[in-house]
Amino acid sequence: MKLLPPFVISILLSVSVTAQTNVFLKAEVKASSGHPKYSPQNAVDGEISRRSTWMSERGSRPPHTLDVILSRYYDIDSVVIYTGIPDKEKNDNERIQSPGFWSVKNFILQYWDDANWTDISETLTTENRQERISFRFSTPITSFRFRLRSTDGEAIRIVELEGYGRINRSLPAPTKTQQECTSSAFDHRPSNIMVRIGKETTGRTMKYVGYNQGYFVPGSNVAAWLEYSGVNAVRLWADLRTYVHPEWVDNKSIVKDPDEFDRLKRIFRDNPLNGNLVRWDSIDATASRLIPSTNTMVLKYALQELNKQGIDIVLQSGYRVKAADWSEKWLQWQRYYALAFYLAREGNVHMFAMQNEPNHRHAGPVPLDVWIDMMRIASDAIRCAIADVNRIYEKHLTPRFVGPVTAGTNTNWWAKIAASERIDYRGNKCDYDLIDIFSTHSYNLPAAGYEGKVQSIDKILRDNHPLHDTKPIVFTEIGRWMNAYLIDKEETMDSPSLFTEWAGIYTRNMQGGGYGMWAFKFANTASSTYPRGIKSGHHYIWKGKRFAEDSYENLALGKPARASGTDTGYSTTRLTDGSKADDSAWASSSEEEKWVEIDLGRLTPLGGIAIYTGSAGGVFTAPDRIRSLKIQISDRNGWKDIPGTEETACRYAQLYYTFPEGTAGSRIRIIIRDKGKSVIREIKLFPPHTLSDAPESYDISGVQRTAQVVRLFAKGFKNQRPLLHCDISVQDPDLDICSSADSLSGNIYIWLVQRNPVNYNLVLNLKDLGIGAGTPVVYEQVSADRYGEAEILKTTEGGLLTLTLPAQSVGLLTLPMKATFPTTLFADKCISVRGGKLATIPQRSDSLGISLDSRSEENSRVTYLNFPCTEKLKTANRIVLGLHGYCPKGTKPFRFHIYCMQDGQWEEKSLSWANAPGLDPHQARATEVGSKLFVAGEMTMTSYPSYHYLDVTDVIKKHADKGATFMLIREVREPGDDYDKGRIATISPRDTDTPPLLELW
């Protein structure tokens, strides 16, 4: 029978649906919540319009539900959902968003079976990008009540919900009691929670908590920040086209069948080090040099650093698969073998993946049969390579082929691959799985969207595998949002709404039996698609250039400005007033094309410009930014375009342009081609040789709160530790509590995540663990005011621990398995040094402070503390640094870095900025991070004087168990970082009642 083309089937389905009656039209509707302006009844009024849309209440928590209640039982055979904003009704800013930006993304349809809500499994949808979704059921569903249930973490929009079918006249009309069926929404948020943690185990934690790599450049501090992150796995990208060219192996042989393939393979493996077979020198030379890319790195350096830290590597080869004859298969087998052999030998790499997201439209897409065919070649090559490395170099690596690394939910791929697991490249049955670790990627789901996700993948694998076996299931890429969505949200990786969902994603996948997660991405690196960086990076990084704009003279400051049109209530004076705040922004009147102009008064040489556009909430991107612009300069010859400053699809709120050498003018004009209102918060102009002469740097400059969430989870829940039973007094979908036991460190870890906007009072009963009164507990917290800072708590009688979980917070409790008693070690040296003109002058030791002023370095302060070597410091199970301090100015906490080094050879009376260890002589910047200085963490000070704590156990034990110096420094985190200018965090010195100290136990 000849099959109809897909587009014909789509047309027929559409006709079939519309030919029936929409029985949902004007039906009774109930919803979990509702926006005041967008009633649930709008979803069934027959109008496809944004003004007639149901929206869940702003700030409402998932699940979001929309129930359609019918007066009779109906046989429903198809449903159509309209979501998002109808295209013809979008404004200009809405129309340029990525597909699906406004749509409901993760949902399932359910029906009431007269006792329970039952899923209609064929409607399960994740990562939806469409605005019209239709389902035709294989068998009509009979019910009188249907539900759309969404696990989106934010408010959802349903324009219209249509159901097509007919009355089932064999069933009587439902009674009123039946119609008032139980809702699944969670309505009550308790304020008091009791938890009892027992010794019995309920499973294992994840094996791997990892990152996708960012930049990995020698001389940078990336390795030190990776060590601080505590992850035990990194996904490295080594494109086969870069590291093993076809010319470096045998690309001349004509292979006609598998017998000839096997003959060449035997010859090859007899002596794989033969330079006539593989150009090992070329591979090594490439791995030893800097390769610029989205993940700029020196591969050999990355291998060395990761091995030094005991971090396992998943190697993503990045090769685009294509259909192959036996000659092509032989060529690819050699290339995969060579890459695997080299990486196993040089870096003990044993986990390999073939191609990233082969089902993605931008990565091929590869036909599934072709992918399976080439997977069989790559899997064999990798197994042979690692076996030969083990034989030649006496190693004991276990090969692990990782696949299929698909994008999103692709059950057809997963099922067919599972069914093909035990057929080798010759077409023969084999007695092992070709894929050792199942991998896929997932974005755009909140924590609730991962309930049962690992189990559902496991079921697909078991149902389709020849022996009904399964395997470890990992997410080699995972994120709350893909960058294409996040880039247009005010929400950042620092936002409580995001980092608490992120923490819940880890919890759900671990509780579901997940083997590992690799967060995307370690840092906000740049690419051709995102030239100024991705918003979904967990660490801030200098993307090749390091500069602080505040250190340059702003030639535009206070200069007169004018515009083609200014909105009411705004002023062009705000364009050059020096403030980047929202309340100092300029906004245009709504014109098709508009311009703003700055008059410098005279012909002025210029080296570059900074433009802050849109609102400040998104940090370096904003939904209301300018998208299309170009910059012109006026000199004696009139206006002319400045090369390299024209953009048509700008993604950023912070724009920096370096002008060509010799650029000079008396006026600067920015032409804006966006329709509608445009917003600019500030324009700065810089002298020549500023941006262009900025030093090269690929350093990490700080973390976002999601990075602290990853760190805390890795600390407590990597390496397949036993999960302990937690008996929780309430069932709250937005509260996560789980516990692990780590016999290696001698600690119990308790993970606390709450996504609710209210505080919770928590009482933990630890008696069953043998925990008595007075046991010290470290509580590390990520919240609206904290970046992993710690508190020291103590248990009371009966092994009880009482604490408050702040609204939208993530926490980790660390408590010792054995009874212990804290002791205190006080600093024996404390001093602050000042830069600029005071750099060579020793300072008084009775005044400690931390500050940053990139414009005037004499206003910058860096503090050093030293703690002597003691026997207790060497043998302590837990070491916590305590600093008493405050920052009197500003409403936001003052955040600074703390580095640790081996006992510093410095004298309190003679220390100055010029001779301070690990300090850049010209600016507030830690140097030699990763060789002499190591990351201890971040601390915040508020206006309230108090002690603040940081768990420094790991950094002390690894790098400074014979006495330690701590550097307290406020460094520049991004080019426009002037948030703490004029602010000083004051630390109590040692000769006070509140000195710097270490708590040990």
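Student: How much area does the chain expose?
Tutor: This is a predicted model: local features need pLDDT of at least 70, side-chain atom pairs count only at pLDDT 80 or more, and totals for chains, interfaces and linings use all residues. Residues are numbered from 1 along each chain as its sequence is written, and side-chain values use heavy atoms, leaving out hydrogens and water. Areas come from the Shrake-Rupley method with a 1.4 Å probe, and for residues only the protein chains shown count as cover. Carbon and sulfur atoms supply 49% of the exposed area, which comes to about 39,000 Å².

Student: What share of the residues is buried?
Tutor: Buried means under 20% relative accessible area, exposed over 50%, and partly exposed in between (1.4 Å probe, protein chains only). Out of 1001 residues in the chain, the buried share is 60%.

Student: Which helix gives the most to the largest nonpolar core?
Tutor: A nonpolar core is a set of buried Ala, Val, Leu, Ile, Met, Phe, Trp, Tyr and Cys residues joined through side-chain atoms within 4.5 Å. The largest one has 149 residues, with Leu236, Trp751 and Tyr864 making the most contacts inside it (contact: heavy atoms within 4.5 Å). Helices here are DSSP runs of H or I, at least four residues, and strands are runs of E, at least two, numbered from the N terminus. With 14 residues, spread over 368-393 as a helix, the top contributor to this core is H10.

Student: How many residues does the other core have?
Tutor: That core lies apart from the largest one, and its members include Ala561, Leu600, Ile683 and Leu685. Its residue count is 41.
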